[in-house]
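Me: Please take a close look at a single part here, with the pairings beside it, and be explicit about the cut-offs behind each term. A connected account would suit me better than a list.

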Amino acid sequence: MWKDFFYYSKSERRAVLLLLFLIGAMLALWMGYPYLCTDKVEEEEPSFEKLSLFLNQLDSIDGRRNRYPSSPKKVESVLSRFDPNTADSLSLLRLGLPAFAIRNLLKYRRAGGTFETPDALAKIYGLSKEKFNELRPYIRLEASERKEAAREKSAPLREKPINRPLERQFKYPAGVQVDANAADTAELKKIPGIGSFIARQIVDYRRRLGGFYKVEQLEELKWITPHMLRWLKVEEAPLQKIDINKAGLDRLRNHPYINFYQAKVITEHRKKRGPIKNPAQLSLYEEFTKEDLERLAPYFAFE
């Protein structure tokens, strides 16, 4: 009876044998797979040829780096007209300004400062006198030009002058002296060697200073020569003084003898330590030298 359960036909026995064979083959492959796939790779010592090839590749890479350096090329200096109140850093760099001077100029503008005259640019820390003299003919203050154009436009129309032959300008003879604190441009032009441009520069510088207290101050204008000084003198006259405890930052730095950093020291001292009573208090700051305080003393008022 039980033999009926284990009886297989010939085709069934073949199927069972084939199945057992496949199972056995799969087990054999599974157990022997790690040994079949472990192809040992022998470590080769680097040969001289391979090392030379590697070094040559490094040299070629360095050569490409040298051909295309990462450091930027120096910008060639090209002089052209510019407005120091609006020029960006790249324009200033192309003019040949040092990077340190450019940072100080932009810092001054961010603080609210403006350049009202071309000579005001000379007070930027880091800008040499030689570089300023080179740039000065190219300075263009667009805001000032617009104001001047509006003023001329609003002025009443004048009759067209009649062309007449030019008369020779009268000049003072030797021995005559003109008071630099009182003379206007017409009188200054009578001095030999002084024309309209230099006369305007003297009057403008006198206005910005608040008056001259000695004739040697005129030598601070590069157009004045020792020959011209023989016709000039300085009479005692009241100077326009600056109230050092009330004047704002722009009022202070517009004086030719005070730069932006010195004006900043004065305003910060007033905020933190109170009114300034004498110039000796400013001598404690490195921004003021002894010479600075000596020439500023006649223009300071301590109220």
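Reply: **The second largest pocket and its surroundings**

The second largest pocket holds about 790 Å³ of space, a volume being what is filled by probe spheres set on grid points joined across faces, edges and corners. The model is predicted, so local features are taken only at pLDDT of at least 70 and side-chain atom pairs only at 80 or more, whereas totals for chains, interfaces and linings use all residues. Residues are numbered from 1 along each chain as its sequence is written, and side-chain values rest on heavy atoms, without hydrogens or water.

A pocket here is an open set of points on a 1 Å grid over the protein atoms alone, where a 1.4 Å probe fits and protein lies on both sides within 12 Å along at least five of seven lines; lining residues have an atom within 4 Å of a point. The lining numbers 26 residues, and those closest to the pocket centre are Asp119, Ala122, Lys123, Glu220 and Pro256. Three helices (DSSP runs of H or I, at least four residues, numbered from the N terminus), namely α5, α8 and α12 (290–296), each contribute at least two residues to this lining, and α5 provides the largest share, with three.

Asp119, one of the residues closest to the centre, also takes part in a salt bridge (a side-chain nitrogen of Lys or Arg within 4 Å of a carboxyl oxygen of Asp or Glu): its partner is Arg136, and the closest N and O atoms are 2.8 Å apart. Because Asp119 sits in the loop between α4 (99–110) and α5 (129–135), and Arg136 in the loop between α5 and α6 (142–154), the pair ties together parts that are 17 residues apart in sequence. Both partners are buried (under 20% relative accessible area; exposed is over 50%, partly exposed in between, with a 1.4 Å probe and protein chains only), Arg136 at 15% and Asp119 at 18%.

By the same rule, the count comes to four salt bridges. Another of them lies in α5, where Lys131 and Glu134 are three residues apart, about one helical turn, and their side chains meet at 3.5 Å, N to O. In this pair Lys131 is buried at 13%, whereas Glu134, at 37%, counts as partly exposed.

A pairing of similar sequence spacing is found in α8 (residues 196–209), where Arg207 and Asp204 are three residues apart, about one turn of the helix; their side chains meet at 2.6 Å, N to O. Arg207 is exposed, at 53% relative accessibility, and Asp204 is partly exposed, at 23%.

As for confidence, the mean pLDDT of the protein (the predictor's confidence in each residue, from 0 to 100) is 79, and 75% of the residues reach 70 or more. α8, which supplies at least two lining residues, has the highest mean pLDDT among the elements, 93, while α2 has the lowest, 55. Over residues 65–72 the pLDDT is below 50, and this stretch has zero contacts (heavy atoms within 4.5 Å) beyond near neighbours in sequence in the model.

Elsewhere, Pro84 lies in the loop between α2 (48–67) and α3 (89–94) and is buried, at 1%. Leaving aside neighbours within four places in sequence, Pro84 is in contact with residues including Leu105, Phe115, Leu121 and Ile139. The C-alpha atoms of Pro84 and Glu142 are separated by 9.6 Å, although these residues are 58 apart along the chain.
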